[in-house]
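Please open the model in your viewer and keep the sequence panel beside it. The stops below say what to select next and what is found there.

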Amino acid sequence: MKPLMLHGHDRALTQIKYNREGDLLFSCAKDSHPNVWYSINGERLGTFEGHGGAVWCIDVDWDTSKVMTGSADNTCRLWDCSTGVQLEQFDTRSAVRTCGFSYSGQLLMYTTDSTMGQKCEMRIYDSRDSAQIKNNEPMMVLPMPASKVTSAVWGPLDQTVISGHENGNIIQWDMKEGEMVHKVLDHSKQINDIQFSKDMTMFITASKDNTAKLFDTQTLTHKKTYKTERPVNSAAVSPLKPHVILGGGQEAMDVTTTSTRIGKFDARLFNLIFAEEFGRIKGHFGPINTVAFQPDGRGYSSGGEDGYIRLHQFDSQYFEFDIEY
Amino acid sequence: MAGDEDQGWQQETSRKSRREQRRDDNDYDDDEPDFNDPPSYVDDIDDEELLGDLLKRRPKETDGIESVIVVDNVPCVGAERLDKLQNVIRKIFNKFGKIQTEHFPKESDGKTKGYIFLEYQSPEEALEAVKNTNGYKLDRQHTFIVNMFSDFEKYAAVTEEWEQPEIQPYKDHGNLLHWLLDPHDYDQFSVIYEGGDRTAIITNSVPEPTVLEERPRWTETYVRWSPKGTLLATFHQRGIALWGGETFKQISRFSHTGVQLIDFSPCEKYLVSFSPVPDNRDDPQAVIIWDIRSGMKKRGFHCENASVWPIFKWSHDGRYFARMASDSISVYETPSFGLLDKKSIKVQNLQEFMWSPSDNMLAYWRPGEGDRPAAVTLMKIPSRDAVCVKNFFQVADIKMHWQRSGDHLCVKVDRFKTKKEEKDGVKYLGITHNFSIFRIREKEIPVDTVDVKAENIMAFAWEPVGTKFAFIHGEAPRICVSFYNIKKAGHVEHLNTLEKRQANHLFWSPNGRFIVLAGLRTMSGVLEFVDTLDMTVMATTEHFMASDVEWDPTGRYVATAVSYWAYKVDNAYWLWNFQGKILHKQQMEKFCQILWRPRPPSLLTPEHITEIKKNMKKYNARFAVEDKMRESKVSKEQIEARKLMNEEWNTWRAQCAAHYASEKEERLALRRGIDTDDIEGHVENFEEETIEFLVKVEETILDE
């Protein structure tokens, strides 16, 4: 089926996310206006106005009441989802690279870039204690001295955060003690994205080293590798079928005249278990920066460097296809 | 204590004795001091220690010998003509330095003995004189033999008896043709990847190629197979190494510093190597010809210009090799490595020459000059009979193409209408092309001219086995590929012209009939597989940005490659069958080069081959079964592997599921008791919401 093309951003997409039910799609880009869309028809529901720089990350809590965005304007902001009104603003000393709500939605996390002489930090707030936000006194500040955080998500049950780093490290942090629990180095280059499977027992990482990898959430044991020839910017696990989807492509700065064919800007479908590629979906005119499965697994969306979001519904052939074993 | 006393006493006595002596001497001569050693003095210092530096400079009997040369075969003259001879000698030998002394030994009757001694100022001058005058032809009877005088001892010491050289132990390299014994007749190829750091030999097995040998830093630049595939040559700063046999052991090494290019003789007997390292004038090193079996250097050559490689072209049987010099072709013969008949073949304004691929025959051409037309000549070697000379008028350029069987020679002639002399050379206007086909096997070599109404011919290729030829012509985007066939009695038939193609290279199957039209590099890797029997295009496909196409030696497979040397991303080689069906895609980090291992010519007789062709169906069936079995074995293995993977996966997922289930209570607690494990799982919490979308706008004009 022909995908819906959403052109609501002037610049490259940085992250897209569905809410839990999958009726809304949240997107942010290098322009300063994060959007929210109806996933059913691609109509724009609204924008979150206020940021003054590229927005690197966006997250929505489990009951779709609040939205969180992090930006290069040195703020992380909390929005009311239904009205689009800004609720809170956290001022930081450098760009906010990643942000997220915990499972319960009560704990907030964001990380900052190690630029402008600032160190990379992870900050945790408990929204139940209003003083923490008001006085900008986080519940916990974890310095990240070794390598800066390039991707981070809350683990299951508000207990852990999993961070991916510029040097390829993946670290599991205990949020009660503020301690490192596991640290693995399976990727050789920067981790661009981390996404959980639906039940959060495993997660997939996308790396600049041209691979995506699957890990056990508890132990950070490496389980599978999905290989491509291009940097992988984003990867997601299907909630319905044993499939994963990878998005990426040649970085625009690496090739002067990148034709779409050399760049390999296709989204790639792999079998989750056998790690065999079984399909490619063309469309973007630049690298894919972010992908997300529709929560029912019947479609997916991708956001590209070209400024478009493409909303795909899978054909019936997709559901009929199976690898023999 | 006792020892000290002893010494003290001794010194005392020696002092005393000296004093006594002095007193004695004074008695005789007061002015002369006494230098004599005391009687008790033990002389334990030898001269060497005392004045070694002086001794080293002590004149020796042989001093000056190094500057002396002996000239033999000098005319024997009487006293009356001695002056004249001396003048001649001085004139010749004064070029290398001033002659210090000369000695003309004489017989008792006053005639010179026929040899002379000359002394130069330095051994260097003497050496230079020897190098340059040894073998100097004074006249018909007298050729100088010049030697260093110091070498005479060496030559004198040669024993009269001939000593048999020690027999070198035979080195068994195993069966060098081992790869031909493969029961499945799989072919091999070499690949270089990781930007040249790794080299591997791969067997093109069905259904997946298998790596046979893989070594890091096997070569420093690239590799080459010998023409029959026996040996693999690797390049190193210090020379060439050859590898072969079952496990690719080193067979031999040729030390040639800075070697860049090599060439094998077709018989695999000799290796030609080229190095741009500055040459020694007296000992040519730029191009060296080696004997592969013995590892001996056969001859070195100077080389001013290596832009044309191979510099030496070998005749098909390796008996002769030739190079182009200014206005001549120098043909050398093996195994003597001397110039054939001691003289080059003079050709005024020679442009190009080529050996016939099947006979010892040369083809060369020269352009016209003034009223003289341009000419293509066929010449037999070693007789130097010009068997055919064909003149062409108004020639701008000529290209020669031999058919591999040597039956035909195609000469592409570019003719001009008008010629303009310009500052930067001659400019030709109104160029037309035609082909002249020389039928070599027929009496007196008839030549037929094929007029092609084609412009801008880019590539020409003979069918290696058969009588067809193909060429690419036209200007982009109207590029065409035309096919012609040579029939009996010189009738040339136009088979077909494929129009508007993306092609700049032609690759015939080594067995003929099939051809790949390729648009390499700038044409982004478009491939077309054509069967020229009925001129059907079997497949039109693409290997994006492909830089190379290589047929395997049997004509069953084609490899296409995107080399790191040409293009920096997506370096890979792909294998196709001859029909253009993709069989295997192999991505490789910084992949550089793929080369099929050549095969020697088949040992089967023509009768044998016809018989096999006749029974093709029978063999077909057998091999089809074998292939199927191998494939099913692999797919079975793959399915087995998947099954195993799946089992492991399920075990792990079961653990995950159990863990997930055990945390259900905690999850509920964190989300206000709402079960969010499934989207549909908490219907009671659904909020009904009505959203209105604009679906369609319809305008209906109502009648008033």
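**The cores**

Begin, in this predicted model, with the largest nonpolar core, which has 106 residues and in which Leu271(B), Leu362(B), Ile515(B), Val516(B) and Ala559(B) touch the most other members. Centre next on Leu362(B), and, leaving aside residues up to four places away in sequence, display the residues it touches, which are Ile329(B), Phe353(B), Trp355(B), Met379(B) and Ile381(B). Apart from the core of 106 residues lies another core, of 82 residues, whose members include Phe48(A), Leu269(A), Phe270(A) and Ile273(A). In soluble globular proteins, nonpolar side chains tend to be buried together.

**Three strands of chain B**

Now select residues 514-519 and 526-531 of chain B, which are strands S36 and S37 and pair in the antiparallel sense over 6 bridges. Phe514(B) has Asp531(B) of S37(B) as its bridge partner. The two strands form a hairpin with 6 residues between them, and in its turn Arg521(B) has a positive phi of about 55 degrees.

Extend the selection to residues 536-542 of chain B, strand S38, which runs antiparallel to S37(B) and is joined to that strand by 6 bridges. Here Phe529(B) stands opposite Ala539(B). The hairpin of S37(B) and S38(B) has 4 residues between the strands, and Met535(B) in this hairpin takes a positive phi near 55 degrees.

**Loops with unusual backbone geometry**

Most residues other than glycine have a negative phi, and most peptide bonds are trans. With that in mind, move to the bond between Thr334(B) and Pro335(B), which is cis with omega at about 0 degrees; Pro335(B) belongs to the loop between strand S18 (328-333) and strand S19 (338-339) of chain B.

The next stop is the loop between strand S23 (374-380) and strand S24 (386-392) of chain B, where Pro382(B) is found. The peptide bond leading from Ile381(B) to Pro382(B) is cis, with omega near 10 degrees, and Ile381(B) is also one of the residues that Leu362(B) touches. Arg384(B) lies in this loop between S23 and S24 as well, and its phi is positive, near 65 degrees. Is Arg384(B) buried or partly exposed? Arg384(B) is partly exposed, because 13 other C-beta atoms lie within 10 Å.

For a further positive phi in a residue other than glycine, select Glu444(B), whose value is near 60 degrees. Glu444(B) sits in the loop between strand S29 (432-439) and strand S30 (447-451) of chain B, and is exposed, since 8 other C-beta atoms lie within 10 Å.

**Chain A and the contact**

Turn to chain A, which has 3 helices and 28 strands, and in which buried residues make up 52% of the 325 residues. An unreviewed UniProt entry lists "repeat: WD" for residues 6-47, 48-89, 142-183, 184-225 and 281-311 of chain A. Select residues 281-311 of chain A, a span that is 52% strand and 0% helix, with its end C-alpha atoms 12 Å apart.

Then show both chains together: the contact takes 23 residues from chain A and 21 residues from chain B. On the side of chain A that touches chain B, there are 10 nonpolar, 4 polar and 9 charged residues.

**Confidence**

Finally, colour by pLDDT: chain B has a mean of 83, with 92% of its residues at 70 or more. Over residues 1-14 of chain B, pLDDT stays under 50. Where pLDDT is low, the predicted coordinates should not be read in detail. The model scores ipTM 0.84 and pTM 0.66.

Key: Residues numbered from 1 in each chain as written. Chains lettered and ligands numbered in written order. Predicted model: local features only at pLDDT ≥ 70, side-chain atom pairs only at ≥ 80, totals over all residues. pLDDT = per-residue confidence, 0-100. Contact = placed C-beta atoms within 7 Å. Nonpolar A, V, L, I, M, F, W, Y, C, P; charged D, E, K, R; others polar. Buried ≥ 20, exposed ≤ 12 C-beta atoms within 10 Å, placed from the backbone. UniProt positions renumbered as here; feature names shortened; annotations may be inferred. Core = buried A, V, L, I, M, F, W, Y, C linked by C-beta atoms within 7 Å. Pairing = 2+ DSSP bridges.
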